[in-house]
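I opened the notebook to look up a few local features, one entry at a time. The structure goes in first.

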Amino acid sequence: MKEALVAYALSITDLQRLLRIEDALQKGNAQILADEQANQPHNNWSPIERTDWLLLEIDANILIRPVQVDVALATVSPLSGTNSVCQLLMGAGKTSCIMPMVSATLADGNKLLLGREMRHIPWSRKTSTKSNTVEYFFNIVKYMQKAKGVILALPEHMLSFRLSGLQRLSDGLDATSMIKVQNWLDTRCRDIIDEVDFILAIRTQLIYPGGTQRTVEAHPNRWVVIENLLKMVNSHLWTLEKRFPHSIEVVRRAQGGFPVLYFLRADVQNALISSLVDDIYQGRSSFLPEGCCRADRDIIRRFISEPRVPQDVALQITQLYKDRPATRQIILLLRGLLVHRILIMALRKRANVQFGLSLSRSLLAVPFHAKGIASENSEFGHPDTSILLTCLAFYFDGLTLDQLRQSLESVLKSDDPSQVYDGFSRSSNLPESLKDWSAINLDDEAQLHEIWLHIRYQVSAIDYFLNHCVFPQNAKQFQMKLQASGWDLPLFSGALPKVVSSTNPPGSKYSTITTGFSGTADLHRLLPLNIKQENLPALAHTSTEVLSYLLQRRNREYVLAADYRGKRVSEKELLQMITNRKLRVFIDAGASILEMNNTDLAKAWLEIYPDASAIVYFRGEKPVVRYRRGHEVPLLASPYSQDLGECLVYLDEAHTRGTDLKIPAGARAALSLGLGQNKDHTVQAAMRMRQLKNSQSVVFFAPPEVHQSILDVRGKTSRGSIDSSDVIHWLLEQTCNGIEQLQPLYFSQGADFCTRTQAAIDNREFLTDVDQRENYLSVIKQFEQQTLEQLYGVKSTSRPAILPGTLSPEIAKFKKELDTRRRNFQDTGLAVHASALQEVEIQREVAYEVENVREVQKVTHYLPFSFPGVHRDILGFFKTGRLAADSVAYEPAFTALRRTSLGRKHGIKVEGTTGKLYVSTEFTKTVKFPSEKFSDTFQRPVNWVLWSSVYELAMIVIPEEAEHLLPLLHNVKSVPTHIILYSAPVTRGMLQKFNKLGYYSVPALPPDWEAPFWLRVELGIFAGRSYFEYDEYLCLCKYLGVKEKSGNLEEGKNDESIGSSEPDETSQSGSENVDSEVEANAPITFARKPLTFVHEWMAIRRKGLDFANTPMGYLCQGKILTPDHPFFAKPEVLAQEDGAQVRSGGVRKAADEEDDVEEEFYDDEHVYDVPDDEEDNIDDSQLLADLADVDVKSDDSYGTAHS
């Protein structure tokens, strides 16, 4: 019976073949006719043995070619018996034919294949990891194995499942079920990977960030320095164009703003760096402090210009500005930007092609897969790369109307709106009527739109928006990370411990290997070492086959896309050049069309090309046909789906790979080139012309920067002729350069994989053994946050790439191979040199050079704490003004501050304070973290203070507590405590209202009451105030332990008495009113470096907003303040300000004895008792580094702090 059925099936395949031949004859398609006649079916495989393949032929109306059989068999059973990759020419049916053949063979009920019933099970960090979810996932997988099915998986889903189990382990949760399921998959799966070169590329990396999320170090200087450096770059472009006319292309856009740069040679890059260093050295920038002597500038110049700094210079650098950390950070940042070439690498990137904005995701720049195609989850990991590219992306795109409105609303809230707005209008072409801030009405949409048209691309306006609305909220890093890369995708037995269970009995053996195929082998040297390139001998010619097509005479033509002056042509002019050569297909592999989107290009090209009836292009991921009259239909619903002879065809960069259209056999295509374009990218694009070998052809179009690069590579002059042979030579050179640039990252990823895998091997019992678990976690949890000293300092240290100790045989073999390759690495200057820059590249998910981005899956939202009610001890304080001993309801404010990671870093000492300022326990609670760990990110604003007039104590409470206490004051004659409304003064206007705590109180404070200096100082530090009165200046300096020295403020030793120095004669009211308690009760400073701590704490409180030009900012920078400074100028009309008269919630009366009023405001409904077994669950000792995941978004629920 089987033989009869097979014979019947074979007759069907013969009939189908004859029908295809007849169709080719009728349509005159000579190539298809020749292919069908040449293909002799079933000569190297038996249909009766592989009936699934025979059914595939019938279903797909094809005949399997002999080469496809060879590749399929090599994929099913590689000769080496190990993980391997086979190469096959693109367009030869890898995905449509070979993948189903392999799937049908391997899905036998014992092994589970990734590619019969098909299922797709996505997994991300948002997926629940509860046991029932994992069990359901496992049941689906088991069912698919039993049903001989196929699971289709994306690499990020596979890596995410692996990391999810490790994340549970890191959070202290039971991860046994997920680890067991992962182990089951590792021992049962049979993985087949299509497009191996893409899936296993170095750019494939998944990150699970965790821990505290903080604004980057040295903010806001981190982005201000970068913005100023970009302005300096712009100022040198005219000179560089004149000096190096063949080395740089500067495209100045009609709308103004920052120009588009194309670096053609390295000489102009070096000249630019030298010019910037000289500007800094000569004092033509604001980076170095005033009065910096020549000797110091000489040292700094060498430090920010020389890759290898001599030992004496390195030592001198460490001694510079030890008491001015902000200046040291700027110098380190300049070294990173200039010496490590981060600035140059960012300027070489192409906006909207390699990076750009995806405002629906983030206000920071994100990686782009292709022109206009933003990555969905990836981001730039290195902070300086991210900031630089964000600036350039906004300069390229300009501000949106909503962003301009947001900026002007921020201007309105500033201290001097007119001055800020004048900075926008001064260098713009705004009409005179719109240059005066007093004439601006933010509710006038027409006026706002007019302003937007004139300043949307203005750098100063964009910088203001970035500095106030983007970087403070978004330029942040997580503390820790878990990561996985392409090295984790090929099945490898050492990746996870072998968990003995009923599903994995001891001694069980399964052939679990990973095989795959790809159309190119260019990057085979960058494949993970746990998979090998094993090409079939009969296909050894594959790598150069398409190049041989391009060398045929009909493909030799090359066109310089430039005008008569050698300058870049506009996009419409480029379309005209293509039309003049009667080319109907435009393959934009070089992303030459940036200003127009695909729809705009389709309209423009149809207008230019009069003989075309329609154009086919991609709108999103769907090919559509646009007719000359503007009507659009899907390609499959049009009469052109099988014949595009009457149409124009435009393939944007994103669709130059994996797209298969029925382009006529004799069609000619324009193929654009771009800087950095490699051989694989170009060959993939050219092979969209499936008949390139026989009848179709391409014409290369190169912009001026590519043309100059080709001339340099070939050693030709501008008069030399160029054809496709020169282009191929250039492509091979670009490919080699690209591989070299990726080498340091390859070594780093390989070392990281070996380290993590060896840790799993060394700690196989980590699921049950606590010590092994801690050892394992200490390896796989890696630091995300790095200081500028760690990144760019001369003596930066890092842990060894592979941990010392005994290595397993496989890992030892990998390590030896990595070491050998590293020693043999020939660095020509294109690769990253410093280990700090390697860290730049070990980042997110796709792309080259310094931004090698990673796909990041952020943490999920955390639940807020619920409000349990007012604690009995707080009510007792409210009634009596006395504190209960050993209460868990409150604690000293600086004790709570000490528990933050910033407090631990700076060694906060409560002994350095008066000890009279407290916070309620509820104030320290925001959202629930795993293991009750604390985060700096979620900090409540200080708004309500309880003041005990009897004992002069203050307690910060939350609004819910204040709301419950306020009703208790009704009809009460006198109380020992007052509820005071407070807000940290961050503007001069707020200073008059809130600084002395007299704006609003219930009940009213006595008319002669003044807040003591210690309260203003400690409350101001804790709440993050930016402004203070001059009469507090000396008191604040004493409290912080700083003294005047050589025209600056310097921190004293941390054991120095704060009150040891005499008051300055210039302080009149301040010296007379300094509260004696500050001197008596604070014998030592509250932090090792108080100014540094306050500077970093203010950055957290101000959410990254710039506070440098405020009194507290000056103080943190060590600048001396005087009474006549504009900060302390009094308002001209003080009486007109709201709140100039003290408002209160009741009549001011003297407090009576506390015992007389206890019963009058006692209310059981608002009180909760302390259970007998209640303990203080806040650990005041030094905690481990925060490793809990943080969700930085806030909501309106009770526990959400302003982060």
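My entries on helix packing, aromatic rings, a covered helix and some backbone oddities follow.

**Entry: the model**

I am working from a predicted model.

**Entry: H4 against H5**

I began with two helices near the start of the numbering: H4 covers residues 66-76 and H5 covers residues 94-106. How far apart are their axes, and at what angle do they pack? I read 9 Å for the distance and about 45° for the angle. That makes H4 oblique to H5, since the oblique class holds angles that are not roughly parallel, antiparallel or perpendicular. The crossing of H4 past H5 is right-handed.

Next I listed the contact residues. H4 supplies Gln68, Val69, Val71, Ala72, Thr75 and Val76. H5 supplies Cys97, Ile98, Met101, Val102, Thr105 and Leu106. I sorted the H4–H5 contact by class and got nine nonpolar residues, three polar ones and no charged ones.

**Entry: H3 against H5**

I then checked H3, residues 51-60, against H5. Their axes come within 9 Å and cross at roughly 145°. I noted a right-handed crossing here too. On the H3 side I found Asp52, Trp53 and Leu56. They meet Cys97, Pro100, Met101, Ala104 and Thr105 of H5. By class, the H3–H5 contact has six nonpolar residues, one polar and one charged.

**Entry: aromatic pairs**

How many aromatic pairs does the structure hold? I have 36. I looked at one of them, phenylalanine 138 with tryptophan 184. The ring centres are 5.2 Å apart and the planes stand at 90°, so I logged the pair as edge-to-face. Phenylalanine 138 sits in helix H6 (residues 131-146), and tryptophan 184 sits in helix H8 (residues 176-188). The pair therefore ties together parts that are 46 residues apart in sequence.

Are these two residues buried or exposed? The cut-off for buried is under 20% relative accessible area. Phenylalanine 138 has 18% relative accessibility, so it counts as buried. Tryptophan 184 has 2%, so it is buried as well.

I took a second pair, phenylalanine 1086 with phenylalanine 1093. Their ring centres are 5.8 Å apart and their planes are at 80°, so this pair is also edge-to-face. Both phenylalanine 1086 and phenylalanine 1093 are buried. I traced the ring pairs outward from there. They link Phe894, Phe923, Phe1022, Tyr1039, Phe1086, Phe1093 and Trp1097 into a cluster.

**Entry: H24**

How many of the eight residues of H24 are buried? I got seven, so this helix (residues 679-686) is mostly covered. The buried ones are Lys679, Asp680, Thr682, Val683, Gln684, Ala685 and Ala686.

I also asked which elements they pack against. The helices are H9 (196-199), H21 (542-550) and H26 (724-762). The strands are S17 (585-587), S22 (668-672) and S23 (697-702).

**Entry: glutamine 939**

I found glutamine 939 in the loop between strand S28 (917-920) and strand S29 (944-948). At 10% relative accessibility, glutamine 939 counts as buried. I then looked at where arginine 1101 lies relative to glutamine 939. The two are 162 residues apart in sequence, yet 7.4 Å apart in space, C-alpha to C-alpha.

**Entry: backbone oddities**

Why look these up? Most residues other than glycine have a negative phi, and most peptide bonds are trans.

I logged a cis peptide bond between histidine 219 and proline 220, with omega about 0°. Proline 220 is in the loop between strand S6 (205-215) and helix H10 (221-243). I logged another cis bond between valine 1002 and proline 1003, with omega about -10°. Proline 1003 is in the loop between strand S32 (1000-1002) and helix H36 (1013-1023).

Then I turned to phi. Asparagine 352 is not a glycine, yet its phi is positive, about 70°. I placed asparagine 352 in the loop between helix H15 (342-348) and strand S9 (355-358). Alanine 591 also has a positive phi, near 50°. Alanine 591 lies in the loop between S17 and helix H23 (598-608). Its relative accessibility is 0%, so I marked alanine 591 as buried.

How values were computed
Residues numbered from 1 in each chain as written. Predicted model: local features only at pLDDT ≥ 70, side-chain atom pairs only at ≥ 80, totals over all residues. Heavy atoms only, no water. Axes fitted to C-alpha atoms, helices over the stretch in contact; angles between N-to-C directions. Helix = DSSP H or I, 4+ residues; strand = E, 2+ residues; numbered from the N terminus. Parallel < 35°, antiparallel > 145°, perpendicular 65-115°, else oblique. Left-handed = near helix turned anticlockwise from the far one by under 90°. Contact = heavy atoms within 4.5 Å. Nonpolar A, V, L, I, M, F, W, Y, C, P; charged D, E, K, R; others polar. Phe/Tyr/Trp six-rings, centres within 6.5 Å; stacked < 30°, edge-to-face > 60°. Buried < 20%, exposed > 50% of the residue type's maximum accessible area, 1.4 Å probe, protein only.
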